[in-house]
Amino acid sequence: MGEILITARDDLHRARGDWLKMLARERRLSQLTVEAYERDTRQFLLFLTEHCGGPPGLTDIAALRTADLRAFLARRRNEGAGARTLGRGLAGVRSFLRWLEKRGLANAAGAAAMRAPKQPKSLPKPLTAADAKRVVALGEQMNEEPWIAARNAAVLTLLYGCGLRISEALGLTGAQFAHGETTLRVTGKGNKTRLVPLLPIALQAVAEYRRLCPYHLDNQGLLFRGAKGGPLQPAIIQREMQKMRAALNLPDTATPHALRHSFATHLLGRGGDLRTIQELLGHASLSTTQVYTGVDTKRLLDIYDAAHPRA
């Protein structure tokens with residue numbers, strides 16, 4: 001990997017080069033990750049050149065204080081860097097300092113004591129109702145093996161029709177569909193159990209998959225199987241979604257998890273109340289549901305004005 005000239009003394013320059021080689025050869029980090037660490041530490045050393053009044057060496061790194069690191073983050077923030085960029089930059093500097101500390105060349109305590117900038121909560125973007133239906137329908141056509149196409153369609157239908165997490169859908173057993181139930185008992189995060197309604201279209205999709213599946217599906221075993229009969233892995237469904245994004249010209253945010261978000265968002269848009277959606281999603285707190293469904297203040301105030309007796 002080509003080293004970019006930086007303002008640093010020879011001892012620090014060589015140490016940094018050895019660290020970057022270690023990341024690539026021993027830890028086998030991807031080229032993009034190594035390049036990001038190179039860029040972040042280069043920016044840090046350029047900052048130290050000005051901060052210390054000259055090119056920094058290992059003695060300057062050994063004398064670093066928490067205040068110096070805070071000053072670096074403040075400079076980057078003033079230059080327009082966001083919380084994610086600052087967090088990644090701090091992670092790169094910490095990694096370098098820890099590597100130097102193991103060799104007795106620096107003290108990484110100051111970096112370890114610093115909290116990373118608080119990351120903004122990012123909302124998953126829902127698909128439109130029309131696009132969600134197109135994804136589910138295309139799942140029936142995207143594989144030459146009819147049973148695999150039926151399997152993918154059944155999984156996607158459960159994600160959008162029941163609001164399941166992909167891990168929850170792939171953890172279902174045959175017993176949960178053995179007697180034509182109209183509700184599904186799901187165990188989610190923290191072993192929290194909830195009931196979700198099973199739409200007729202979801203029951204039909206699962207029944208079609210079971211009819212075509214070449215493997216024996218007993219009540220105790222996992223319902224969804226991979227091509228060789230083993231447990232179906234999330235990466236398979238994620239790859240199928242990637243193909244569908246290309247076929248339907250959908251954005252990169254159209255992921256399996258976006259179908260769960262679409263389930264909640266579309267329920268809310270059609271008058272579903274937050275408490276019910278909270279239960280259907282299996283969220284421990286209502287605040288999580290509010291963030292997840294992208295509830296805006298205006299909508300909440302409109303509901304309040306329409307429903308509260310004293311409004």
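Let's start with helix α5, which covers residues 83–102: its 20 residues reach 29 Å from the first C-alpha to the last, close to the 28 Å expected at 1.5 Å a residue. The model you're looking at is a predicted one. Zooming out, the protein chain has 15 helices and two strands. Of its 311 residues, 43% count as buried. Take the contacts in the chain between residues at least 6 apart in sequence, and 61% of them join residues at least 24 apart.

**More on helix α5**

- Plenty of names turn up on the buried list for α5: L86, G87, G89, L90, G92, V93, R94, S95, F96, L97, W99 and L100.
- Just after α5 comes G104, which takes a positive phi of about 70 degrees.

**Helix α2 and two of its residues**

- Helix α2 runs over residues 31–52, and L48 has its place there.
- L48 counts as buried because its relative accessibility is 0%, and the cut-off for buried is under 20%.
- Setting aside neighbours within four places in sequence, L48 is in contact with G53, G54, P56, I61 and L64.
- L48 and D68 sit 20 residues apart along the chain, and 8.5 Å separates their C-alpha atoms.
- T49 is also a resident of helix α2.
- With a relative accessible area of 18%, T49 is buried too.
- Once neighbours within four places in sequence are left out, T49 is in contact with T7, G54, P55 and P56.

**Helices α7 and α8, side by side**

- Helix α7 (residues 129–138) packs with helix α8 (residues 146–162) at an angle of about 155 degrees, and their axes are 9 Å apart.
- Angles over 145 degrees count as roughly antiparallel, so that is the label for α7 and α8.
- On the α7 side, the contact is made by A129, A132, V135 and V136, while α8 brings A153, L156, T157 and Y160.
- Helix α8 is also where you'll find N152.
- N152 counts as buried, at 2% relative accessibility.
- Not counting residues up to four places away in sequence, N152 touches G139, I237 and E240.

**The two strands**

- Strand β1 (residues 183–187) has two faces: L184 and V186 are on the covered one, and T183, R185 and T187 are on the uncovered one.
- Strand β2 takes in residues 193–197; β1 and β2 run antiparallel, and five bridges join them.
- If you want to trace one pairing by eye, go to V186, whose bridge partner in β2 is R194.
- The hairpin of β1 and β2 has five residues between the strands, and in this hairpin G190 takes a positive phi near 65 degrees.

**Helix α12**

- Helix α12 spans residues 256–269; from first C-alpha to last, its 14 residues reach 20 Å, close to the 20 Å expected at 1.5 Å a residue.
- Eleven of those 14 residues are buried, so α12 is largely enclosed by the rest of the structure.
- The buried ones are P256, A258, L259, R260, H261, S262, F263, A264, T265, H266 and L268.
- Just after α12, G271 takes a positive phi of about 100 degrees.

**What the UniProt record adds**

- An unreviewed UniProt entry lists R165, K189, H257, R260, H283 and Y292 under "active site".
- H257, one of the residues on that list, lies in helix α12.
- H257 is partly exposed, with a relative accessible area of 37%.
- R260, also among the listed residues, is found in helix α12.
- R260 counts as buried, at 1% relative accessibility.

Notes. Residues numbered from 1 in each chain as written. Predicted model: local features only at pLDDT ≥ 70, side-chain atom pairs only at ≥ 80, totals over all residues. Heavy atoms only, no water. Buried < 20%, exposed > 50% of the residue type's maximum accessible area, 1.4 Å probe, protein only. Helix = DSSP H or I, 4+ residues; strand = E, 2+ residues; numbered from the N terminus. Pairing = 2+ DSSP bridges. Expected span 1.5 Å × (residues − 1). Contact = heavy atoms within 4.5 Å. UniProt positions renumbered as here; feature names shortened; annotations may be inferred. Axes fitted to C-alpha atoms, helices over the stretch in contact; angles between N-to-C directions. Parallel < 35°, antiparallel > 145°, perpendicular 65-115°, else oblique.
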